[in-house]
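Biologist: I would like to learn how to read a structure like this one. Could you walk me through it?

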Amino acid sequence: MNFNSDPIKTTRKVTAIQIPSGISVELPEGSEVTITQSLGGTYTVLYSQGLARVDGKDADALGLVAEKKAPVVEGDVNVDEKAALKQLRLVFDPEIPVNIVDLGLVYETAVEKIDDANYKVNVKMTLTAPGCGMGPAIAADAQKRLLELPGVTEANVDLTWDPPWNQNMVSEVGRMQLGWA
């Protein structure tokens, strides 16, 4: 979703996550914000203290209607790595308009069949910088997206720093989105 750069005022008090610290902050009703990014069901806003991420469930506080999302995979599904990666492509770093898969942050995705109807997905991923306070929020977003897959009853997302992320890990799609290609 594209936004103009005009500031808006929050219509109610809203809790957000300060970027890059990951600290929870409260934006009072009437706070002036500018929406800089809306990807993956969250909003990155510029406010008086810097950048913050507002969850999509709080879109109304920004004067927006929350987007209804359809599951990526519908009906009976054999959950596999491809389905898991499709879900992870709905997770974005709030400062970079590229999903975590194309950004090269996802190192490993493993799907285990628990029984005939249930699956467990394990993901190893990293961040663009070890000191990024947004790590827990991004990992929680990834876990939430994986649990949206039909039949996935467990999802574990582990952050690792080995190997350290570098710009060469960005996919060709990500490079194009960043204007690097």
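Modeller: Gladly; we will go through a sheet, the helices on it, and then a hairpin. Keep in mind that this is a predicted model.

Biologist: Let us begin with the sheet. What is the order of the strands in the open sheet of 3 strands?

Modeller: The order is 7-8-9, and the pairing is mixed. Strand 7 (106-113) and strand 9 (152-159) are the edge strands, each pairing on one side only. From one strand to the next, the twist averages 15°.

Biologist: In which sense do strand 8 and strand 9 pair?

Modeller: Strand 8, residues 119-125, pairs with strand 9 in the parallel sense, over 7 bridges. To find a point of reference on screen, look for asparagine 122, which stands opposite asparagine 156 in strand 9.

Biologist: And the side chains of a strand, where do they go?

Modeller: In a regular strand they alternate between the two faces of the sheet.

Biologist: Which strands does each helix touch where it packs on the sheet?

Modeller: Helix 1 (residues 81-88) touches strand 7 and strand 8, and its direction makes about 130° with that of strand 7. Helix 2 (residues 135-147) packs on the sheet as well, touching strand 8 and strand 9. The direction of helix 2 makes about 155° with that of strand 9.

Biologist: At what angle do helix 1 and helix 2 pack?

Modeller: The angle is about 130°, and their axes lie 9 Å apart. An angle over 145 degrees would count as roughly antiparallel, and 65 to 115 as roughly perpendicular; helix 1 and helix 2 are therefore oblique to each other. The crossing of helix 1 and helix 2 is right-handed.

Biologist: Which residues meet there?

Modeller: From helix 1 come Ala84, Gln87 and Leu88, and they meet Ala142, Arg145 and Leu146 of helix 2. By type, this contact has 4 nonpolar residues, 1 polar and 1 charged.

Biologist: Now the hairpin. How many residues lie between strand 2 and strand 3?

Modeller: There are 4 residues between the strands, and in this hairpin glycine 22 takes a positive phi near 80°. Strand 2 (residues 14-19) and strand 3 (residues 24-27) run antiparallel, joined by 4 bridges.

Biologist: What else does strand 2 pair with, and in which sense?

Modeller: Strand 2 is joined to strand 6 (residues 50-55) by 3 bridges, and these strands run antiparallel. Isoleucine 17 helps you see both pairings: its bridge partner in strand 3 is serine 24, while in strand 6 isoleucine 17 stands opposite arginine 53.

Technical notes: Residues are numbered from 1 along each chain as its sequence is written. This is a predicted model: local features need pLDDT of at least 70, side-chain atom pairs count only at pLDDT 80 or more; totals for chains, interfaces and linings use all residues. Side-chain values use heavy atoms; hydrogens and water are left out. Two strands pair if DSSP finds at least two bridges between them. Helices (H or I, at least four residues) and strands (E, at least two) are DSSP runs, numbered from the N terminus. Axes are lines fitted to C-alpha atoms, for helices over the stretch in contact, and angles run from 0 to 180 degrees between N-to-C directions. Contact means heavy atoms within 4.5 Å. Angles under 35 degrees count as roughly parallel, over 145 as roughly antiparallel, 65 to 115 as roughly perpendicular and the rest as oblique. A crossing is left-handed if the near helix is turned anticlockwise from the far one by less than a right angle, and right-handed if clockwise. Ala, Val, Leu, Ile, Met, Phe, Trp, Tyr, Cys and Pro count as nonpolar, Asp, Glu, Lys and Arg as charged, and the others, Gly among them, as polar.
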